Amino acid sequence: MINSKLLNHLVSETIREHETIDITPFSYAIESDILFKKDKKRKCIENIIEGQNRLLQPSFFIGADWLVKNELAIYVAPKVDVDNQQIDYLQILYSCLSRPDIAKYTDQLYEIKIDQEYIEIQQEQDLLTPLLIMQFLQLLKEIVKKGLKRSYYSVERNLNGRIKGKVKVSQNIKRNLINNKKTSTICQYDVFGYDSIENRVLKHTLKFIQRYLAQTSTLSHHTQPLVNYCQPAFVTVSDNVDLNQLKSIKHNVFYKEYKEAIRIAKLIIKRFGYNIRNAKAQSTGKTSVPPFWIDMSKLFEFYILGLLKDRYGDKLIFQAQGTYGQPDFLLVDETNKLILDAKYRPRYQNEKYHIEDVRQLSGYARDTKLLSKLGYISEAEQDSAVVGCVLLYTDQKAETTLPFDLTLNKVDGFTRFYKVPVAMPIVSL
């Protein structure tokens, strides 16, 4: 348990996931739980009352937020296992975002309270900026691979001996007529090409990222190849940007990556206060970030999704909707139909099972909608089906790959119920 006196405005202490914090002296000021995207079922920080004591219980979320607005902040870091090994958050993030079929779900992964007062933290505690940068670069890679979008955009030119579009009268008088340039005319007209506001915003953001990466080596291994791949595509694009013009953009369905890339671009630019000079590491070793939360359970789920996709491809269904509830994965295989759930739960390293998880998966195994998706169409087939259930859980003593057979480790006391330990990548020291 960590005493509340260690917490202050600058977040001088690191709090790990699921470490209980005593806030009894501050209980008068801390009024409610901190929710993830205002979802009452997803608590980043929970208030707990034990007699005269008031405690805070971080859940499986990492990030920084205000306990008392603009006065008392908290920073929750990724957990460290018993051998003092740090989970390689960036490697997991990269493996998820590098796959377009997984990256499209990342809106479920994090929350940024961009309009709230920023919190000062140590530079190495900044998990938000790497997330935004890697997500943006992966989207940009998909855009470049498909080809930049061409569109109509307005330009202003000082034409000689001709007129095109709309004449800018006042500017023409100031720049041409007063200077006796009678054959020149300043005109505004539309052209069709690559130098659109969308592409300029993307290039402008890429420059922010390059400046930031030049100051830190942490991300270079994952990001520099992406920067090198994307940069040549923007040679003919300007980086002069008026962000107010973004409000009038109409997104094309064929270029669906643009909508998300521009959303992330605006977050990156705003995160640095719209000033490219701010996109660098501070000499003090500290930086300021908006309050943010990253769902580590969801990140583990996406990591498992990547492993399963590599193994089973299109036989895997992600987040299939049942009559009530949504399991993480369905494996629709002729020889082995399974319902699988990823659990970011350290307790499975010491416990055989947790009964609530068993009940949850057992309920999925009797859901007629899910059984239909698994291939049990008729009522008779559904009545006789005993679908295998697999819990995939975190265990740093296990392998970082999936075993060949997911049904080897049977949970005693239950029919066709299995659990599989999976280790997450760790930081190489």
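Accessible areas here come from the Shrake-Rupley method with a 1.4 Å probe, and for residues only the protein chains shown count as cover.

**Entry 1: the model.** I noted that this is a predicted model, in which local features need pLDDT of at least 70, side-chain atom pairs count only at pLDDT 80 or more, and totals for chains, interfaces and linings use all residues. Residues are numbered from 1 along each chain as its sequence is written, and side-chain values use heavy atoms, with hydrogens and water left out.

**Entry 2: the chain.** I looked up the exposed surface of the chain, which is about 22100 Å², with 48% of it supplied by carbon and sulfur atoms. I found eleven helices and 20 strands (DSSP runs numbered from the N terminus: helices H or I, at least four residues; strands E, at least two). Of the 429 residues, 48% count as buried (under 20% relative accessible area, with exposed over 50% and partly exposed in between, 1.4 Å probe, protein chains only). For contacts (heavy atoms within 4.5 Å) with a separation of 6 or more, I recorded that 73% join residues 24 or more positions apart.

**Entry 3: D39.** I located D39 in strand β5, residues 39-50. D39 has a relative accessible area of 29%, so I entered this residue as partly exposed. The D39 side chain reaches the backbone nitrogen of K41 at 2.9 Å.

**Entry 4: D88.** I then turned to D88, in the loop between β8 (72-77) and α1 (89-97). Is D88 buried or exposed? I entered D88 as buried because its relative accessibility is 18%. Leaving aside neighbours within four places in sequence, I found D88 in contact with P425, I426 and V427.

Conventions
A polar contact is a pair of N or O atoms within 3.5 Å; within protein, one must be able to donate a hydrogen and the other to accept it, and residues adjacent in sequence count only if both atoms are side-chain atoms.
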